[in-house]
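Open the structure in your viewer and keep the selection tool at hand. We will walk through it stop by stop, and at each one you will hear what to pick and what to look for.

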Amino acid sequence: MQLNVNTKATARSSASPSRLCAMSPREALSSRSSYQNFLPISVHGLSSALAVSPRSRVERRSSLGFHSAGGAAPAATEPEHTVADAGIDYKKMVETLPRRKVLLLNDAHGSMSQALLVDLQALGHDVVTTVVPNGKEKAGAFMREIKAAHKPDVIIAPFLTKFVPEDVWSDMQVPVIVCHPGPMGDKGSNSIDWAIRNKESSWGLTMLQAAAGVDDGPVYASPNFKMQPGLTKSEAYGIHAVQAARAALPKLLCMLWCGEQPVDAGGPPPIPSLTYEQRRVDFETMTAEEVAHTIRLSDSRPGAPCKLRGVNGEYRAFEAVVEKSGADKASKGASPGQVLGARDGAVMVACADGSCVWIGRLQAVPEACAGPNKSGRLQCLPSTIKLRAELELRTAAPALMAALPKIPAPENSTPIAFGTSPSTWQQVWTWKENRVAYVNWAFYNGAMSTEQCYELQAVLEKVGSWTDVDSVVLLGGYKVFSNGIDLNTIQASADPATESWRNINAINDAIRACMHMTNKLVVTAVWGNAGAGGAIMPLVGDRILAHEGVVMNPHYKKMGLFGSEYWTFQLPARVGAAMADALSNMCQPISARQAKAINYIDEVVSCDHFDFVTAVRTRVERLVASGEASKIVAAKQAQRTPAWFAEAERHRVNELWEMSKCFPSQEFQDACNGFVFKRGSHGIIDTTSPVPPLSRPSDVRVSNVVPAKELLADKATPLKSAASSAGVSV
């Protein structure tokens, strides 16, 4: 249906927000003047993806084991009720709601929690974010106490696997809303795992009222999304499900505070969790495609159990890529499960039909935790590190790895077809089109190790030398643009402080390669979320673009680090010294819209993750066609004198001086250990005030920059060589 609103009408609602929210949406809609401010000029109805129906189409898990799990797949039905029938624009309406107090309950303050936090704060709500402790009794007591202390109007559980106590969820004065990563009617803890296993073409995210049964409460909103082939579990959740939750949030809030009642979801009982055998990789019987598919449905948690020929013990496998470039010729005569070669941290393994799969990460399984538990599922692992597979096997099977051939890598800077991914293990690749080079990188969870930074730097320097390219677009990773240095590799190294030092210098060198592209337009296109140094990296661009789904965490302080990546040089130039200090000390996530408002980025060019690359290509081509790109490059060349570069390096050296004190500190070691082994503390995540000062004498402030000669007066510092290589005179 379509409603045409006369924008010249003079009648405006005199009703207050509280009066409007006393009405249900349909009641308010009956009075057109009351909604004059809410309805867009042309409302075609909200997407059917936000439809709430008594019986959602649930294309069940029947093809790969649903029936054997003890239930029959329900018949698919078309939605019987959609919000589009009412013609309500919840996104407009939610902006008029009174300010409320919202409590977020989480297992961890991850992508879902941060996305809903920034959206709720943007709407003006007071939000308290918490991490709930483990253990049924502790978790229940914590939830009761935090509710009593903060007296919220609503409780939302963006990412919570623990049961909410009945006395908390049954209080209808304070609704408890659960975000379940499955379509309406779906129930159970392995929803996305099953969806990937069954190769579902679409899936969903359901916001429902907590109830006695698992995912059994009435539903407020249930948007669906397409499941692209080849997604990992973390990509399906961290991108698709999170975006669906953000789309559903306005409808949820309007229904909660405007009297609209949720709908009974119905559906079968919860689906059992996947078994050990359903997650296990069997190289003896599986093709490379089947191996990769099995790994992806458990990536990044809990990992796919497997055994490699010639290697003792069991491993959990992550980061799978099917070999299609011809390197699998090495598998001729090889036994399934045999490790055939290594490249850039990954190992290539032979599969049943002669095909090969690359495995990027392995996690060692202690002998006591190998195999299934008594219920036939994976056993919980003690805290062990997911390491790059080649590094893990050097320790576990040194003789095998010493004899293992290095499989030559393709030339990383050789462009492949626009919009495609490499057909082999390749973590950095380029596209080239219309004199524009696009640089992609795919580092696991956005962590950039020393060697990966070297690889990226080499590609950037090569691209910078291309004479048939006038513009360079830094796209980063699909799920994560970058999260800075690789804490897993650092933690696993023999000398973490030294490896940290190598890593931070390597990432700085990659950024410097972009700084020296003075004859090209450099556009940073933030495709995935970004954190720590990875959120500072985009600032190297002459223009910075993002889409609405991006969340960034431009701070280091919670890790006990001062930070580098030229942040003291680039960030104040973008947002001003006061805002740079605030971002560094407040340690809060910011949305793309918030980043645009403070000039952290230049433009939000797309509403979502999926059409972002197309939108970026269009925007860059317009910059070139309009002549604006040439003006930007000319201004850059005029600015980047030898004095400018010397100033940049002075800031870098100052940052490294501070970091040289951070890396050996107990504060950083404890923070790194807690991050790697998931030993974060529970309690309130303070998103409104600064975290406590660093234990070091100097706080994180732009004004800490001092002259290089004074900074390097201490001859014991390791920075003299860094300053020399940076071209800073000392």
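Two residues are in contact when they have heavy atoms within 4.5 Å of each other. With that in mind, take in the whole chain: of the contacts with a separation of 6 or more, 73% are between residues 24 or more positions apart.

**The whole chain**

This is a predicted model, and its pLDDT averages 84, with 82% of the residues scoring at least 70. Colour by pLDDT and select residues 1-85, where the score is below 50. Beyond near neighbours in sequence, this stretch has 169 contacts in the model. Then pick residues 707-716, where pLDDT also stays under 50; the model gives this part 19 contacts beyond four places in sequence.

Switch to a cartoon view and you will be looking at 25 helices and 27 strands. Of the chain's 730 residues, 57% count as buried. Turn on the surface if you like: the accessible area comes to about 29,600 Å², and 53% of that belongs to carbon and sulfur atoms.

**A sheet of seven strands**

Which strands should you select for the open sheet of seven? Follow the order S9-S8-S6-S5-S3-S4-S27, in which the pairing is mixed. The edges are strand S9 (219-221) and strand S27 (683-685), each of which pairs on one side only. From one strand to the next, the twist averages 30°.

Now zoom in on strand S4 (residues 126-131), which is joined to S27 by three bridges and runs antiparallel to it. Pick Thr130 and look for its bridge partner in S27, Ile684. Add helix H5 (residues 136-150), which lies across strand S3 (101-106), S4, strand S5 (154-159) and S27. The direction of H5 is at about 165° to that of S3.

**A sheet of four strands**

Next, select the open sheet with the order S20-S22-S24-S25, also with mixed pairing. Strand S20 (480-482) and S25 have a single partner strand each, so one side of each is left without a neighbour in the sheet. Two bridges link S20 to strand S22 (residues 529-531), and these strands run parallel. Here Ser482 stands opposite Ala530 in S22. Helix H4 (residues 111-122) packs on this sheet and touches S22, strand S24 (551-553) and S25. Its direction makes about 100° with that of S24.

**The nonpolar cores**

In soluble globular proteins, nonpolar side chains tend to be buried together. Which members of the largest nonpolar core touch the most others? In this core of 72 residues they are Val439, Met552 and Tyr600. Helix H15 (residues 496-515) supplies the largest share, nine residues. A second, separate core has 49 residues, including Val94, Val154, Ile271 and Val551.

Go back to Met552 and show what surrounds it. Leaving aside neighbours within four places in sequence, its contacts include Val526, Ala530, Ala535, Pro589, Ile590, Tyr600 and Ile601.

**Three helices to inspect**

Start with helix H10 (residues 288-296), which is mostly covered, with seven of its nine residues buried. Among those buried residues are Val291, His293, Ile295 and Arg296. The buried residues of H10 pack against several elements, including helix H7 (191-197), helix H8 (233-257) and strand S12 (314-322).

Move on to helix H18 (residues 577-586), where Ala580, Asp581, Leu583, Ser584 and Asn585 are buried. They pack against helix H17 (567-575) and strand S25 (590-591). Just beyond, Cys587 follows H18 with a positive phi, near 55°.

Last comes helix H23 (residues 666-676), with Phe668, Ala671, Cys672, Gly674 and Val676 buried. These residues pack against helix H14 (487-492), H15 and helix H22 (642-662). Just after H23, Lys678 has a positive phi of about 55°.

**A final stop at Cys607**

Where does Cys607 lie? Look in the loop between strand S26 (603-606) and helix H20 (612-625). Leaving aside neighbours within four places in sequence, Cys607 is in contact with Glu548 and Gly549. Draw a distance from its C-alpha to that of Val550: the two residues are 57 apart in sequence and 9.9 Å apart in space.

Technical notes
Residues are numbered from 1 along each chain as its sequence is written. This is a predicted model: local features need pLDDT of at least 70, side-chain atom pairs count only at pLDDT 80 or more; totals for chains, interfaces and linings use all residues. Side-chain values use heavy atoms; hydrogens and water are left out. Buried means under 20% relative accessible area, exposed over 50%, partly exposed in between (1.4 Å probe, protein chains only). Two strands pair if DSSP finds at least two bridges between them. Axes are lines fitted to C-alpha atoms, for helices over the stretch in contact, and angles run from 0 to 180 degrees between N-to-C directions. A nonpolar core is a set of buried Ala, Val, Leu, Ile, Met, Phe, Trp, Tyr and Cys residues joined through side-chain atoms within 4.5 Å. Accessible areas come from the Shrake-Rupley method with a 1.4 Å probe; for residues, only the protein chains shown count as cover. pLDDT is the predictor's confidence in each residue, from 0 to 100.
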